[in-house]
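Reader: Could you take me through one part of this model in close detail, and then show me how that part sits in the rest? I'd like the residues by name, please.

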Amino acid sequence: MAKYILKRVATSLVTLFLITFMLFVLVRVMPGNPFPSERMSAEQIANKRAEMGLDDPVLVQFFRYIGGVLHGDFGKGTSLYFGAPIKTVIATCAYNSFSIGGIAILEGTAVGLLLGILAALNKGRFLDGFCTVFSILGVCVPGYVFFILLQYCFSFKISLLPYFFDPSQFLYSSVLPSISLSLFAMSIIARFTRNEMVEVMDSDYVHLAESKGMTGGLLVRRHVLRNALIPIVTVIGPLVVNLLTGALVVEKIYGINGIGKLMVDSIAGQGVDYNYVLALGILYSALYIGTMLLIDILYGVIDPRVRVAASGKGGA
Amino acid sequence: MADTTYTPVAGDFELLTGRDVVADENFASQGYWKSVATIFFRNRRAVVGLVLVLAVIALAVLGPLLSPYAYDQIIRDPVNEATVAKGIAPPGTAQGPFAGKLFLFGTDDLGRDLWTRTWQGARVSLVIAFVTIFIDMIIGMSYGLISGYFGGIVDNVMQRFVEVAVSIPSLVIVAVLAIFMPKGMGLVIVTLLLTEWIPMSKIARAEMLKLKEQEYVLASRTLGAKSMHIIFRQILPNTIGPIITQMMFSIPMAIFTEAFLSFVGVGIMLPQCSVGSLISTGFNNISTLPYQILSPILVLALQMLGFNFIGDGLREALAPRLEDM
């Protein structure tokens with residue numbers, strides 16, 4: 001197991017390094033002017049370039065940049081938030097994004113699991129049908145359709161909840177964004193749990209347990225849920241990806257100052273802020289690769305069968 | 001000893017009616033695609049999906065043609081040029097200077113006909129999705145088939161590349177592309193081209209690994225067929241089912257990505273419109289003209305539902321389990 005984990009960690013780090021290198025080279029080598037302001041003279045631009053070390057060979061720049069990143073220094077933006085170090089800007093935004101994302105994951109998992117379990121226990125009845133419709137809608141209809149409708153209904157039509165997110169009233173104003181963000185996770189987890197439970201409930205060992213006289217809550221808890229929950233770890237991957245893109249839209253709709261909005265700001269404005277694109281690109285890739293790594297390891301920890309299979313073939 | 005030579009008469013038998021009767025259908029005598037079609041069309045949900053998609057495609061083609069207005073035309077009162085037909089709510093039979101004119105979906109905040117714009121937007125989205133996914137299919141299929149067929153070091157190198165490529169979130173690809181590409185349709189297309197071939201290649205490779213050990217491949221190799229001939233002429237036709245199924249899931253993905261990018265503001269630019277950019281403007285005006293967002297959202301949702309249903313139906317029809325037969 002230790003060997004397997006080590007190998008996975010090593011490949012993830014190599015992948016991240018390769019991606020960082022690719023991003024850096026693309027951002028530095030591709031044509032385009034990082035200083036789109038028309039008020040800057042050629043001389044000023046030259047000075048600025050020299051100050052940022054843009055005239056050195058790309059490899060030198062790259063290792064200087066990596067050195068900085070390892071110390072937590074991402075440089076400064078070229079057109080966004082002049083003067084402020086990217087690190088502090090990202091730290092502020094990441095706090096907002098991660099707290100709302102975290103709540104959303106908790107909500108999505110809790111409600112999704114509950115809905116899935118209830119649907120499986122009431123198979124073929126109303127609740128099951130409701131769960132199916134809900135998950136089909138959640139998977140097929142883009143999330144932001146729901147976000148906009150939620151905001152329109154609960155903030156605009158009935159002023160129940162605030163229109164925009166406000167960090168000073170965190171709990172109150174994070175209700176709508178986090179629910180919006182959790183819908184996709186909720187529907188996926190609900191559908192997955194339901195299908196797994198139905199399958200496990202029809203398996204031989206559950207029938208055996210039933211024939212031995214075990215019923216009700218104990219049976220569900222001890223035999224059905226334990227095995228049904230294992231594969232749910234696999235759906236975490238797509239959920240995180242969706243959370244990354246979903247956060248972008250949710251942050252736009254609810255005016256949250258998060259990393260998704262920062263990403264949009266750095267590309268959607270007049271000019272593109274090279275350094276923010278780079279820093280956020282690395283951050284997003286790291287998040288993504290880190291999650292994938294975590295899922296793989298978690299899967300091995302939870303399900304011993306995977307561990308055996310993996311070590312039998314020497315990892316991979 | 002009892003008489004065992006009793007001959008049954010008609011009255012001894014009872015005709016079963018209702019749900020107990022299971023009609024036996026013989027699939028063995030049907031062609032492969034015919035049985036796929038039979039199972040597909042028996043699936044109610046898949047048929048609904050097909051109808052939805054065909055309806056949206058038909059309206060996307062016909063809608064703008066049926067309308068007297070161009071999609072970027074600001075409708076003005078012929079008498080007083082300064083009066084613009086803006087903010088007419090559906091089902092737009094407006095009073096005043098525009099009386100008698102029909103705006104089925106209403107008009108937008110600038111006085112453009114939303115019926116025309118919505119279907120024009122659906123047209124743009126569909127064209128982007130179909131074209132990019134078709135190209136992605138060719139790239140991904142070739143990549144996966146070649147990687148799977150040769151195996152060994154070729155496969156290893158090609159799969160490491162896929163591993164790196166799949167680890168870059170598409171958002172990051174968009175951001176880097178935005179540095180040296182103008183925002184707009186091109187950016188959306190290139191992003192889709194760079195991301196959506198990967199699932200195709202994975203499926204093609206898995207199919208190849210399954211098929212390459214079969215006898216017919218060995219037979220052609222013995223007869224001296226070249227690798228490329230075996231890959232593209234002999235094996236490819238047998239992988240087409242799963243690939244088409246994947247396409248049905250990739251197309252809504254592409255539509256969604258386009259809508260998402262346009263909504264965020266790096267996709268389709270004005271006065272061009274797509275479903276995503278229409279939702280974006282609708283969202284900006286939601287407090288004053290709330291109906292403006294309804295038609296693009298409905299069209300988008302119906303498209304996504306339709307394609308997903310077709311995909312599900314195809315997947316079941318192509319890999320039928322015993323109980324479906």
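Author: Happy to. Let's start with the inward side of helix α7 of chain B, where the buried residues are W197(B), I198(B), M200(B), S201(B), A204(B), E207(B), M208(B) and L211(B). Bear in mind throughout that this is a predicted model. The helix itself runs over residues 197–211, so to speak a stretch of 15 residues. From its first C-alpha to its last, α7(B) reaches 21 Å, close to the 21 Å expected at 1.5 Å a residue.

What do those buried residues pack against? They have five partners in chain B: α3 (114–150), α4 (152–166), α6 (185–195), α8 (215–222) and α9 (227–264).

Now for the charged residues on α7(B). E207(B), one of the buried set, forms a salt bridge with K210(B), and the closest N and O atoms are 3.1 Å apart. Both ends of this pair sit in α7(B), three residues apart, which is about one turn of the helix. Their surroundings are not alike: E207(B) has 13% relative accessibility and counts as buried, while K210(B), at 57%, counts as exposed. The cut-offs here are under 20% for buried and over 50% for exposed.

R205(B) reaches out of the helix instead. Its salt bridge is with D155(B), with 2.8 Å between the closest N and O atoms. R205(B) lies in α7(B) and D155(B) in helix α4 of chain B, so this pair ties together parts that are 50 residues apart in sequence. Helix α4 (152–166) is also among the elements that the buried residues of α7(B) pack against, and so the salt bridge and the packing both involve α4(B). As for accessibility, R205(B) counts as partly exposed at 23%, whereas D155(B) is buried, with a relative accessible area of 11%.

Another of the packing partners, α3(B), is worth a stop. T116(B) has its place in this helix and is buried, with a relative accessible area of 1%. Leaving aside its neighbours within four places in sequence, T116(B) is in contact with P64(B), S67(B), Y69(B), A70(B) and Y71(B). I138(B) is found in helix α3 of chain B too, but this residue is partly exposed, with a relative accessible area of 40%. If you want a ruler across the chain, I138(B) and A317(B) are 179 residues apart in sequence and 23 Å apart in space, C-alpha to C-alpha.

Stepping back to the whole of chain B, there are 11 helices and two strands. Read along the sequence, the pattern is α-α-β-β-α-α-α-α-α-α-α-α-α. The chain has 325 residues, of which 48% count as buried. Among its contacts between residues at least 6 apart in sequence, 67% join residues at least 24 apart.

A search of the whole structure finds five salt bridges over all chains, and the two on α7(B) that I described, R205(B) with D155(B) and E207(B) with K210(B), have company in chain A. There, the side chains of D128(A) and R194(A) meet in a salt bridge at 2.6 Å, N to O. This pair links distant parts of the chain, with D128(A) in helix α5 of chain A and R194(A) in helix α8 (residues 175–201) of chain A, 66 residues apart. Both ends are buried: D128(A) has 7% relative accessibility, and R194(A) has a relative accessible area of 16%.

Where the two chains meet, the picture is different in kind: the count between chain A and chain B is zero salt bridges. The rule also finds zero residue pairs in polar contact across that interface, taking pairs with both residues at pLDDT 80 or more. On the side of chain A that touches chain B, the residues divide into 32 nonpolar, eight polar and one charged.

The contact takes 41 residues from chain A and 38 residues from chain B. About 3600 Å² is buried between them, and carbon and sulfur atoms give 82% of that area. In chain A, C140(A), Y144(A) and K252(A) lose the most area to chain B, together 17% of what that side buries.

Terms used. Residues numbered from 1 in each chain as written. Chains lettered and ligands numbered in written order. Predicted model: local features only at pLDDT ≥ 70, side-chain atom pairs only at ≥ 80, totals over all residues. Heavy atoms only, no water. Contact = heavy atoms within 4.5 Å. Buried area = accessible area lost by both parts, 1.4 Å probe. Salt bridge = Lys/Arg side-chain N within 4 Å of Asp/Glu carboxyl O. Polar contact = N/O pair within 3.5 Å; in protein donor to acceptor, adjacent residues only side chain to side chain. Nonpolar A, V, L, I, M, F, W, Y, C, P; charged D, E, K, R; others polar. Helix = DSSP H or I, 4+ residues; strand = E, 2+ residues; numbered from the N terminus. Expected span 1.5 Å × (residues − 1). Buried < 20%, exposed > 50% of the residue type's maximum accessible area, 1.4 Å probe, protein only.
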